[in-house]
Amino acid sequence: MKGAVAIFLFFLSSSVSFPGGTIAAQAKDNGVYIVYMGAAASTNGSLRYEHTQLLSSLKRKGITLVHRYSHSFSGFAARLSEEEARSIAQKPGVVSVFKDPLLQLHTTRSWDFLKYQIDLEIDSSPSSDSDLPTQEYDTVIGIMDTGIWPESKSFDDKDLGPIPPRWKGKCMEGDDFRESNCNRKLIGARFYVDPEEATADRTPRDTVGHGTHVASTAGGSAVPGASFYGLAAGTAKGGSPRSRIAIYRVCSQEGCRGSAIMAAFDDAISDGVDVMSLSLGASAMAIPEVPRDPIAIGAFHAAENGIIVVCSAGNDGPNAGTVVNAYPWILTVSASTIDRDFESDVVLGGNKVIKGEGINFSNLDKHPVYPLIYAKSARQSQALESEARNCNPSSMEAAKIKGKIVICDNDDQEFSKTSKFEEVKDLEGVGLILVDDEERSVASIYGAFPMTIVSSKDASEILSYVNSTSNPVATVLATVAVGNYKPAPSVAYFSSRGPSSITKNILKPDVTAPGVAILAAWRGNDTAGTPGKAVPPFNVLSGTSMACPHVSGLAATVKSRNPTWGPSAIRSAIMTTAIQTNNLRAPITMYTGTAATPHDYGAGEVSTTRPLQPGLVYETNTTDYLNFLCYYGYDIAQIKHIARNVSADFSCPQDSSSDLISNINYPSIAISGLDGKRTKTVVRTLTNVAGDDATIYMANIEAPEELTVKVVPSKLEFEKTGQKQSYQAVLSLKSSAKEDLFGSITWTNGQYKVRSPIVVISKSDHM
């Protein structure tokens with residue numbers, strides 16, 4: 001993917017060896033190691049003693065302790081030498097020791113679009129908003145990110161009641177942040193810094209903007225009249241506008257340290273959050289194993305404590321196998337578009353209009369009066385033609401660019417579109433038309449400079465005009481927001497795809513949600529905005545970072561209506577009620593217009609109302625997660641260190657292998673390595689959450705011609721809330737499959753539809 005869109009957090013780590021691979025040295029080594037000791041079985045005081053004893057065993061004074069973990073799991077982060085880290089790793093009770101990784105950030109109308117999508121699904125919505133029960137439970141959404149701008153209207157606490165008495169968190173004071181900056185909406189604010197980093201921002205205040213945007217998307221209060229300099233005007237609100245927000249500042253301009261993320265998880269679990277939202281994760285090229293993955297560790301312990309963890313899937317698309325945050329105790333979210341387009345058109349001589357994409361506030365004449373040039377025609381003598389047509393730095397003659405609108409290709413990987421943008425501006429070009437099929441589907445902000453992006457098909461028409469005209473002219477129009485855009489949703493090109501490199505036997509991502517050109521709150525001191533305009537209180541960003549908080553807000557709403565539900569029930573409700581069609585009533589597509597698959601969108605686009613009353617749920621319990629670790633290759637001794645409550649009689653199943661991962665009670669079904677010589681049977685258990693009325697559900701199967709799916713039994717009867725019923729899904733191939741196959745099992749009683757996607761992957765999980 002192209003670096004200009006990379007706002008999701010990429011995993012940048014110093015060189016660390018661990019079973020299964022090596023993380024290349026990309027980030028500055030801060031000399032800190034994380035010592036993870038598994039579940040916290042002792043009291044806080046005894047854990048501190050254990051940590052002190054471990055450090056004392058090194059027989060060196062003056063070791064800097066960076067963070068201590070002692071609430072729900074045990075461990076610490078300290079500045080150690082490689083030899084000291086190796087020594088501690090051999091001590092009893094230590095699960096893993098690994099270098100402190102640096103993660104980089106994965107970077108309104110979207111909620112209205114999701115509600116509108118429900119209306120397109122006929123006879124499958126059990127109730128209207130007015131039929132739903134009022135909010136019963138005061139949910140708290142924990143946001144791990146770059147901090148928060150508390151003065152934003154999105155965090156106004158008007159009409160909110162007292163802070164829930166169960167809340168144990170706090171508002172840490174720091175640079176330009178006081179306890180009084182918190183209120184009944186923003187009820188918690190913490191920050192995490194290395195005590196030896198003199199330049200670190202010691203404050204929960206957001207100096208980047210990303211955390212403010214994410215927090216308001218998840219749980220921001222309704223703000224009428226929101227817009228980005230007049231574009232995308234409307235009411236901005238979060239997915240759960242009455243939820244409370246707690247911010248955990250684990251990221252800075254440089255990135256997000258794994259040691260801080262683990263400290264934030266430890267605090268958040270103790271504080272009493274209900275939902276954790278993380279728009280960050282590892283690069284698809286360097287996914288660590290569970291005991292060395294700060295997010296996997298923290299999310300596992302959060303799930304043990306009844307907290308649902310929602311994470312972005314990553315921005316490494318559109319390549320297959322790039323999804324991250326793919327462990328079964330995490331709800332993983334990909335990004336899709338909404339029915340709004342930011343259109344900046346090109347007008348050619350003769351008033352031919354070519355549609356373009358981008359956000360600019362062009363002051364060019366609306367008539368085509370500006371000379372138009374293809375960048376390769378301005379090539380400097382020493383530059384390659386490919387360099388010039390891509391508008392690479394130092395490849396074009398300034399005299400030929402000055403005063404003209406420049407057509408630039410974007411088919412190299414050497415320079416970002418930002419570099420091309422700056423080069424044309426520096427050479428005094430008056431506008432830029434960038435040719436890029438991927439970027440054409442995502443609106444980026446270019447400020448006052450007239451820049452737009454066109455598809456390669458439309459670029460051919462522009463170049464045909466240039467080549468057939470002695471004095472070609474054009475103009476680039478200022479952006480207008482186009483509503484009711486079709487088709488939508490489509491899967492964003494940057495969104496990471498499945499299957500997961502962790503295992504092909506769990507479908508990831510789980511769902512998709514709006515993540516393209518999302519309007520949300522922004523920091524109030526942004527001096528790098530559009531010249532001549534005031535700091536915008538709202539901004540437009542794209543990334544799986546933006547998709548994740550949509551689902552975090554939805555999860556908080558589901559929890560508020562169903563306070564006794566655990567994290568897996570909430571995840572199941574969101575997945576089994578998801579939508580697979582767009583606003584043309586056709587299957588969801590990719591940005592190219594071709595059909596998307598569950599590898600792109602998981603179970604589908606989230607619904608805002610159906611998860612509140614799903615009828616049945618798949619509950620994935622602790623034993624499922626322990627079995628996952630067994631199947632993945634961990635032994636019982638390691639598992640008993642990692643997990644908090646492992647029964648004395650628990651043992652790993654005999655002949656554990658990754659093939660058995662398909663059998664954990666997950667809301668989707670994924671099977672790898674199925675061939676024509678064998679049949680695969682998986683078991684699933686459903687729990688009734690629809691009330692005590694007797695009801696019968698029938699199984700409806702959708703499968704491609706090559707795949708046979710049999711459900712036994714095909715009828716399930718429920719008589720009371722909480723009742724469980726199991727079924728087997730027996731899968732076999734009629735003929736060998738060269739490509740992955742997709743289908744579904746939907747249980748319906750006429751009122752509810754409970755859908756599980758099926759993915760059969762031709763390659764084995766071992767390949």
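This is a quick walk through one structure: confidence, then a sheet, then a pocket.

Keep in mind that this is a predicted model. The chain averages a pLDDT of 89. Of its residues, 91% score at least 70.

Where is pLDDT below 50? Residues 1–27 are one such stretch. Beyond near neighbours in sequence, residues 1–27 still have 112 contacts in the model. Residues 118–133 also stay under 50. For residues 118–133 the model has 31 contacts beyond four places in sequence. A word of caution here. Where pLDDT is low, the predicted coordinates should not be read in detail.

Now the sheet. It is open, and it has 4 strands. Their order is β34-β36-β40-β38, with antiparallel pairing. Which strands sit at the edges? Those are β34, residues 616–617, and β38, residues 707–712. Each edge strand pairs on one side only. Take β38 and follow its partner. That partner is β40, residues 724–733, and the two pair in the antiparallel sense over 6 bridges. Within this pairing, Leu707 stands opposite Leu733 in β40.

On to the second largest pocket. Its volume is about 620 Å³. How many residues line it? The count is 28. Closest to the centre are Glu197, Ala200, Ser252, Glu254 and Arg257. Three elements each supply at least two lining residues: β5 (65–69), β14 (256–257) and α5 (258–271). What is the lining made of, by class? It has 10 nonpolar, 7 polar and 11 charged residues.

To recap: the average pLDDT is 89, the sheet is open with 4 strands, and the second largest pocket has 28 lining residues.

Note on methods
Residues are numbered from 1 along each chain as its sequence is written. This is a predicted model: local features need pLDDT of at least 70, side-chain atom pairs count only at pLDDT 80 or more; totals for chains, interfaces and linings use all residues. Side-chain values use heavy atoms; hydrogens and water are left out. pLDDT is the predictor's confidence in each residue, from 0 to 100. Contact means heavy atoms within 4.5 Å. Two strands pair if DSSP finds at least two bridges between them. On a 1 Å grid over the protein atoms alone, a cavity is a set of points where a 1.4 Å probe fits but cannot get out, and a pocket is an open set with protein on both sides within 12 Å along at least five of seven lines; lining residues have an atom within 4 Å of a point. Grid points are joined across faces, edges and corners, and a volume is the space filled by probe spheres set on the points. Ala, Val, Leu, Ile, Met, Phe, Trp, Tyr, Cys and Pro count as nonpolar, Asp, Glu, Lys and Arg as charged, and the others, Gly among them, as polar.
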